[in-house]
Amino acid sequence: MKQFESIDVGLLKKYSGQGPRYTSYPTTPVFSSSFGPKEYNDEIVATNSNESNADLSLYFHFPYCDTLCYFCGCTMLVTHDHNNIVNYNKFLKREIELVAPLISPNRKVSQLHWGGGTPSYQEPDEIRNIGSFIKDHFRFDTDIEASVEIDPRGLTHEHMKALRESGFNRVSMGVQDFNEKVQEAVNRIQPESITRDAVNWSRDLGFSSVNLDLIYGLPYQTLKTFEETVDKVIDISPDRIAVFNYAHVPWLKPHQKVIKTETLPTVEEKLEIFKMTIEKLVDAGYWNIGMDHFAKATDEMTIAQKNKTMYRNFQGYSTKAGCDLYGFGMSAIGHFQNTYHQNIKTVNEYCKTIGAGNFATTVGYRMTADGDGDETQH
Ligand code: SF4
C-alpha cells in the first residue's frame, strides 16, 4: 500500500507556526493545583475496588544525566555524584511502597517505561536494584511491553544486561544527528560506533524492539548532512525511528540560549529536511505510524496502526490501550480513566514530600464526560 501520494512542502509551510505540543488533552499547563495528594489517593482507592482488573502502565522518571545537551527539553539534572542517584532511588522506592499496597491484586502491569533524564546513567547494579524492587511490588504480565530510554554514551554491555534482567524488552536511544559539527554545537558528542554497539548489544541480548530518535532543526544541519545521518540510520536498521522537530524555546529552557538562532536551519530548510526524511524512510520500508514516528512494516506498532488498535499516551505510541498509567518520580505524570496527575517537579521537594510519607502530587485534572474538565468537582 502506498503511504503518501506526495508531500506538499507549501502546505507544511502554511501551517508551520508554533502551537502547543499535545501529549495529553487537556495539556499540562491547565492542570490545577486543586488536585493534590488527597485527590490522588482518593482516585487510586476509587479505581482499585475488588472488581478492578484493568491493566496497569507504570512510568518511572530518572532525571539524572552526565552532561547537558543544549537542545534538551526534558526535566533533567546534570550530576557527577552518584550519591544523588542512589538517594533519589531511595525515594522512588518509598513512593512505590506508598502506592503499591493500594492497587488491586487483580491488576497486572502490561506496560512499563523508564524515562528521564537518562535511566542508563545508573550503574548496572543500581539498575538491577531498582528493577527488582519494582518487579517485587507489582505483578508483571508475561506479555509486558517494557521499554527504557538509554544513552549510548557511557553505556556498557553490562548496563544492557542489567536492563534485560530487569524485564525490559524494548529500548529507545537518542542519536539526534551523526554529523560531528552538529554534535559539537549541541554538546552531544556521540560517535556512530557507540550507537552501533548499543544496537548490537540490544539485539544480542534479545530486546525485541530498538528505537532510534533523530532531531531535525538543530544548528548547522543541512539537507545534505541530515541525509547522510538518515542513510546511516537506515543502514543500522532499527525497528522504529522517531524524527522530532527541535523546539527552540529559550524562554522556557534558558540553556537553549547557547544555541545561536543564526546557526539554525530556516523554516524552508527544515521542511525540506523533514520531507527528505519521510521519503527516504518510506522508501526503505518504514511506515509512518503517526506524526513523526516510523516503524518497519512488520513491526507490531505498524500492524496495530493498520488495525486501528494503536494508542497514544505520555510515553508515545503503544499497542496497549485502556491501562491506568501510574507515574513515579519527580515530575512524573499519571493518567487514569478520568484524571491526570503530576508529581512535584523539583527533586528536593519531591524527596522531602515522599520522605514524609505523602504523595507528591502537585497538580492534576479531572475530566467530565465530554472531556471538558471541571475543577469545581474537586
Ligand atoms: S541525555 Fe537526554 S535528557 Fe539528558 S540532557 Fe541529553 S537530551 Fe536531555
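In this predicted model, His-137 is in contact with Ile-96 and Ala-100, its neighbours within four places in sequence being left aside. The residue belongs to helix H4, which covers residues 124-137. His-137 counts as partly exposed because 16 C-beta neighbours lie inside 10 Å. Between His-137 and Glu-97 the C-alpha to C-alpha distance is 7.8 Å, although 40 residues separate them in sequence.

Helix H4 also holds Asp-125. Is Asp-125 buried or exposed? Asp-125 counts as exposed, because 10 C-beta neighbours lie inside 10 Å, and the threshold for that class is 12 or fewer. Its C-alpha atom is separated by 20 Å from that of Asp-204, a residue 79 places away along the chain.

**Surroundings of the ligand**

Which residues surround the ligand? Among them are the cysteines Cys-65, Cys-69, Cys-72 and Cys-74, together with Leu-68 and Met-76. The ligand is also surrounded by Gly-116, Gly-117, Thr-118, Asp-151 and Gly-174. By residue class, this shell divides into six nonpolar, four polar and one charged.

Two members of the shell, Gly-116 and Gly-117, are joined to each other by a cis peptide bond, with omega at about 15°. Gly-117 is placed in the loop between strand E4 (109-116) and helix H4.

Another member of the shell, Cys-69, is touched by Arg-188, as are Gln-176 and Gln-183, when residues up to four places away in sequence are not counted. The C-alpha atoms of Arg-188 and Cys-69 are separated by 5.6 Å, while the two residues stand 119 residues apart along the chain. Arg-188 lies in the loop between helix H6 (180-185) and helix H7 (192-204). This arginine is buried because 22 other C-beta atoms lie within 10 Å, and the class begins at 20.

**Backbone angles**

Most residues other than glycine have a negative phi, and most peptide bonds are trans. Gln-176, which is not a glycine, has a positive phi of about 70°. The residue is placed in strand E6, residues 170-176, and is buried, with 22 other C-beta atoms within 10 Å.

Ser-237 likewise has a positive phi, near 60°, and is a residue other than glycine. Its place is in the loop between helix H8 (223-236) and strand E8. Ser-237 counts as partly exposed because 15 C-beta neighbours lie inside 10 Å. Met-291 takes a positive phi near 45° in the hairpin of E9 and E10, where two residues lie between the strands.

**Strand pairing**

The table lists pairs of strands with their sense and number of bridges.

| Strands | Sense | Bridges |
|---|---|---|
| E6 and E7 | parallel | six |
| E7 and E8 | parallel | six |
| E8 and E10 | antiparallel | three |
| E9 and E10 | antiparallel | four |

Individual residues show how these strands face one another. Val-171 stands opposite Val-210 in E7, and Leu-214 stands opposite Val-243 in E8. In strand E10, Phe-294 has Ile-241 opposite to it, and His-293 has Gly-290 opposite to it.

How many of the eight residues of strand E7 are buried? Six of them are buried, and the strand, which spans residues 209-216, is mostly covered.

**The nonpolar core**

The largest nonpolar core has 84 residues. Those with the most contacts inside this core are Leu-58, Leu-214, Ile-241, Phe-328 and Tyr-350. Two of these residues have already appeared in the strand pairs: Leu-214, opposite Val-243, and Ile-241, opposite Phe-294. Tyr-350 is in contact with Phe-91, Met-330, Asn-343, Ile-344 and Ala-360, leaving aside its neighbours within four places in sequence.

**Confidence in the model**

The protein averages a pLDDT of 91, and 94% of the residues score at least 70. Over residues 373-378, however, pLDDT stays under 50. For that stretch the model has 14 contacts beyond four places in sequence. Where pLDDT is low, the predicted coordinates should not be read in detail.

Notes: Residues are numbered from 1 along each chain as its sequence is written. This is a predicted model: local features need pLDDT of at least 70, side-chain atom pairs count only at pLDDT 80 or more; totals for chains, interfaces and linings use all residues. A residue is near a molecule or strand if its C-beta atom, placed from the backbone, lies within 6 Å of it. Ala, Val, Leu, Ile, Met, Phe, Trp, Tyr, Cys and Pro count as nonpolar, Asp, Glu, Lys and Arg as charged, and the others, Gly among them, as polar. Two strands pair if DSSP finds at least two bridges between them. pLDDT is the predictor's confidence in each residue, from 0 to 100. Two residues are in contact if their C-beta atoms, placed from the backbone, lie within 7 Å. A nonpolar core is a set of buried Ala, Val, Leu, Ile, Met, Phe, Trp, Tyr and Cys residues joined through C-beta atoms within 7 Å.
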